[in-house]
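Reader: Hi! I'm new to this one and would love a friendly walk through it. Could you put it up so we can look together?

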Amino acid sequence: MKKKLLIVEDDPGLQSQMRWCFEDTEVFVADDRESALSHLRRVEPQVVTLDLGLPPDPGGASEGFALLQEILTLAPMTKIIVVTGREERENAVKAIGMGASDFYQKPLDADILSFVVNRAFRLYELEHENRELQQSKSTSRLKGIIASSTQMLEVCRTVEKIAPADVTTLILGETGTGKEVLARAIHDLSPRADHNFAAINCAAIPENLLESELFGYEKGAFTGATQMKKGKIELAHGGTLFLDEIGDMPMSLQAKLLRFLQERVIERVGGMKEIPVDVRVICATHREVTQLIAEGNFREDLYYRVSEITLKVPPLRERMGDSIVIARSLLENFTKTLDKGVIGFSDDAIRAIQCYEWPGNVRELINKIKRATIMCDEKKITAKDLELGEQPQFAGDILNLRQVREEAEKQAIIQALQSTQNNMAKAARLLGITRPTLYNPDR
């Protein structure tokens, strides 16, 4: 990454001297709090050198400490090097306690200053690499799927196991949980990856059109059929056919689909010729299939045919930690595609994301994060930007006091780790406990 350094110094002479201490670094200079914050938002420097004596209090440190706190709030990963006089060691120690990464004492020594600043750049790079490594270890390797919860990682491992096996798969899950994304992942990991992936939503097409969409039709089969057309099944030859919302398929078509799954041949509408088709079938539905069978709305023999392997996708509210992991990934993507300068979520936004039930699951989360990215006026998205309403501290119908305490502690630790990007020292400070206690809460 390109090195960006912000020098906050009100002395023009020192500004000039410090600027020329750095090679291969893009240097920006600010002489007061307002211009420093403007540069911080605009260029997002990895390292800031901060003189505590800034106007309107050049003889004191109040303005510098206020700016230090604002930088840590707006850009918590930025490395701040406090510049002080020799008689100001107490201010330097206080700044380190507030969150500055290092300090440098005047008078200026180009070699020492260069060493301290480059060390800060290296620390920033190491932390950035560590965050990426942690994310790669905890999230799914499947394309389009972001997950860190044990429930969803188990689903991903199942996908990796079944993908090479040419078995018919039924994916069950609420609307918006990513069933089609999983179907595409199965296809992409299978030997059929170089062939077509054809998808059709059985609930989105009228019953009188669904048969021709699936099986195709011959010329003259009905009014308007001026030429032969292949259906989705035939177009998927050699590849994968994804039947979304199969629970809404009309009974009249279920029998024809069952015959295709048994014989692997189709007949186009208005045709007499049997056409062999080699295709893998993946189905999905948000409905309770056993209840549909009991009500007489779904064929039991078809259910057993399409569910050689059944994959149950948990709703987002049951996937501990996934909502904030997905939200951060979405924000990173949207800030690039929408060219916005948003760098993260405020603490209240993180709490709102974690506490909200997400009835629309990942699809709803995508919409909320995209809208918030567009509407946000600050560097961080707030709970107000997300429009999620008032959220409780934690949900649950737990009556046992020990369980309540353990659940509260667990939620607090998870939120602290997520808020600090898994930095154990910062998470311990946020929780008001020692680092050893965080590693072993029962101590």
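Author: Sure, and let's begin with a term. A pocket is an open set of points on a 1 Å grid over the protein atoms alone, where a 1.4 Å probe fits, with protein on both sides within 12 Å along at least five of seven lines; its lining residues have an atom within 4 Å of a point. A volume is the space filled by probe spheres set on the points.

Author: Please keep in mind that this is a predicted model: local features need pLDDT of at least 70 and side-chain atom pairs pLDDT 80 or more, while totals for chains, interfaces and linings use all residues. Residues are numbered from 1 along each chain as its sequence is written, and side-chain values use heavy atoms, without hydrogens and water.

Reader: Thanks! What volume does the second largest pocket have?

Author: About 510 Å³. Its lining has 22 residues, and G176, G178, V181, V362 and I366 are the ones nearest the centre.

Reader: Which helix gives the most to that lining?

Author: That is α13, with five residues. Helices α7 (179-189), α13 (322-337) and α15 (361-375) each supply at least two; helices here are DSSP runs of H or I with at least four residues, and strands are runs of E with at least two.

Reader: And where does the pocket lie relative to the domains?

Author: Domain 2 (150-312) and domain 3 (317-386) both contribute lining residues, so the pocket lies between them. Those bounds come from an automatic or database domain assignment.

Reader: New topic: how many salt bridges are there?

Author: The count is 24, taking a salt bridge as a side-chain nitrogen of Lys or Arg within 4 Å of a carboxyl oxygen of Asp or Glu. One of them joins R184 and E180, with the closest N and O atoms 3.5 Å apart. These two are four residues apart in helix α7, so about one helical turn separates them.

Reader: What about E234 and R268, how far apart are N and O there?

Author: 2.7 Å in that salt bridge. The pair links distant parts of the chain, 34 residues apart: E234 is in helix α9 (residues 232-235) and R268 in the loop between β9 (265-266) and β10 (275-276).

Reader: Is E234 buried or exposed?

Author: Buried, at a relative accessible area of 11%, and R268 is buried with 11% too. Buried means under 20%, exposed over 50%, and partly exposed in between, using a 1.4 Å probe and protein chains only.

Reader: Which residues are linked in a network of salt bridges?

Author: E9, D51 and K106.
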